Amino acid sequence: MMVVGIAIASQQSGNRSSEAKYYQIVQYFDKDQISEFSLNLTSGTLKYKLKGDDTKWQYKVPNVSVFVDDVNETVREHNKNAKSDDDMIKYEFISGSSTSWFVNLLPTIIMGILLVVLLVVMMRRMNSMGGEMNKTLNFGKINAKKQKDQREKTTFEQVAGADEEKEELSEMVDFLKCPEKFSTLGARIPKGVLLVGPPGTGKTLLARAVAGEANVPFFSISGSDFVEMFVGVGASRVRDLFQQAAKVAPAI
């Protein structure tokens with residue numbers, strides 16, 4: 001920016017800005033008061049000298065094409081009737097320089113950069129808000145632990161004691177392994193089994209052993225996951241747990 005500013009200042013040094021109106025500039029040409037001029041067709045900058053005055057004036061033409069139409073015929077007639085080369089109006093039409101092109105395009109570039117920065121900031125804020133929204137929407141979801149590795153599989157041999165319980169649960173293993181055998185006989189496969197007992201008596205271990213014997217996925221969660229300060233969250237997590245298990249059924 002500093003380099004461009006210095007370049008512009010060096011170009012405009014020695015030129016005085018004209019306070020004349022557009023119609024007055026045209027009258028200078030009509031009254032044969034212009035000795036020489038140059039017009040930048042890109043920026044519309046008009047630099048001219050009046051007869052008897054060495055000052056080089058500068059004026060910003062509002063519309064280049066209209067200005068050329070207004071003065072072109074006058075300049076041509078004057079030079080045609082001039083008695084000598086000194087009486088002719090010296091003029092030059094400049095197609096524009098790289099500096100003026102860059103200066104004209106600079107506001108557009110700055111606006112484009114600001115727009116891109118604004119879009120990036122908005123996208124980041126939307127992503128952060130989206131993450132918080134996802135957390136809110138997933139508040140009623142449950143992260144159930146799923147036994148995936150076969151090496152983690154538990155069997156009845158790893159459960160000490162509880163012989164009667166294992167014998168009764170062996171029927172559940174048969175249901176899970178070969179459900180067709182029971183459905184052809186018209187038997188209804190049970191939806192579940194309720195294991196009741198004090199903490200630490202092996203209820204979860206027995207359930208995991210049933211899944212291991214039947215070679216089906218096993219999902220487990222703790223009771224504290226259902227307890228929340230908001231009403232309905234616990235029930236939502238129960239439904240979500242059964243939905244996860246239903247996707248990979250049969251499962252425990």
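Colleague: Let me start with one residue: which residues does Asn-79 touch, not counting residues up to four places away in sequence?

Modeller: Bear in mind that this is a predicted model. Asn-79 touches Met-88, Ile-89 and Tyr-91 once those sequence neighbours are set aside. The residue itself is found in helix 3, which runs over residues 64-81. As for Lys-90, eleven residues separate it from Asn-79 in sequence, and their C-alpha atoms are 8.9 Å apart in space.

Colleague: Is Asn-79 buried or exposed?

Modeller: The general idea is that buried means under 20% relative accessible area. Asn-79 has 13%, so it counts as buried. Asn-40, in strand 2 (residues 34-40), is a similar exercise: its relative accessibility is 11%, so it is buried too.

Colleague: What does the side chain of Asn-40 reach?

Modeller: It reaches the backbone nitrogen of Thr-42, at 2.9 Å.

Colleague: Let's step back to the whole chain. How many helices and strands does it have?

Modeller: The protein chain has eight helices and seven strands. Of its 252 residues, 25% count as buried. The accessible surface comes to about 18100 Å², and carbon and sulfur atoms account for 57% of that. You can also look at contacts between residues at least 6 apart in sequence: 61% of these join residues at least 24 apart.

Colleague: How do I read a helix, say helix 7? What span should its twelve residues have?

Modeller: Count 1.5 Å a residue, and the expected span for residues 203-214 is 16 Å; the end C-alpha atoms lie 17 Å apart, which agrees. Next, ask which side chains are covered. The buried residues of helix 7 are Leu-206, Ala-209, Val-210, Ala-211, Gly-212 and Ala-214. They pack against helix 5 (163-177) and strand 7 (218-220).

Colleague: And what happens just after helix 7?

Modeller: Here the backbone angle is worth a look. Most residues other than glycine have a negative phi. Asn-215, just after helix 7, instead takes a positive phi of about 60°. Its place is in the loop between helix 7 and strand 7.

Colleague: Where does Asp-32 lie, and what is its phi near?

Modeller: Asp-32 lies in the loop between helix 2 (22-30) and strand 2. Its phi is near 60°, again a positive value in a residue other than glycine. With 30% relative accessibility, Asp-32 counts as partly exposed.

Colleague: Which side chain meets Asp-32 in a salt bridge?

Modeller: The general idea first: side chains of opposite charge can pair when their charged atoms come close. Here Lys-51 is the partner, at 3.1 Å from N to O. This pair links distant parts of the chain, 19 residues apart, with Lys-51 in the loop between strand 3 (45-50) and strand 4 (56-60). Lys-51 is partly exposed, at 42% relative accessible area.

Colleague: How many salt bridges does the structure hold?

Modeller: The structure holds one.

Colleague: Last feature: which residues form a nonpolar patch on the surface?

Modeller: To read a patch, look for nonpolar side chains with over 30% relative accessible area that are joined within 5 Å. In this model, Leu-105, Ile-109, Ile-113, Val-117 and Val-121 form one, with about 390 Å² of accessible area together. Leu-105 is found in helix 4, residues 98-137. At 31% relative accessibility, Leu-105 counts as partly exposed.

How values were computed. Residues numbered from 1 in each chain as written. Predicted model: local features only at pLDDT ≥ 70, side-chain atom pairs only at ≥ 80, totals over all residues. Heavy atoms only, no water. Patch = residues over 30% accessible without salt bridge, like charges linked within 9 Å, V, L, I, M, F, W, Y side chains within 5 Å. Areas by Shrake-Rupley, 256 points an atom, 1.4 Å probe, with all protein chains shown as cover. Salt bridge = Lys/Arg side-chain N within 4 Å of Asp/Glu carboxyl O. Helix = DSSP H or I, 4+ residues; strand = E, 2+ residues; numbered from the N terminus. Buried < 20%, exposed > 50% of the residue type's maximum accessible area, 1.4 Å probe, protein only. Polar contact = N/O pair within 3.5 Å; in protein donor to acceptor, adjacent residues only side chain to side chain. Expected span 1.5 Å × (residues − 1). Contact = heavy atoms within 4.5 Å.
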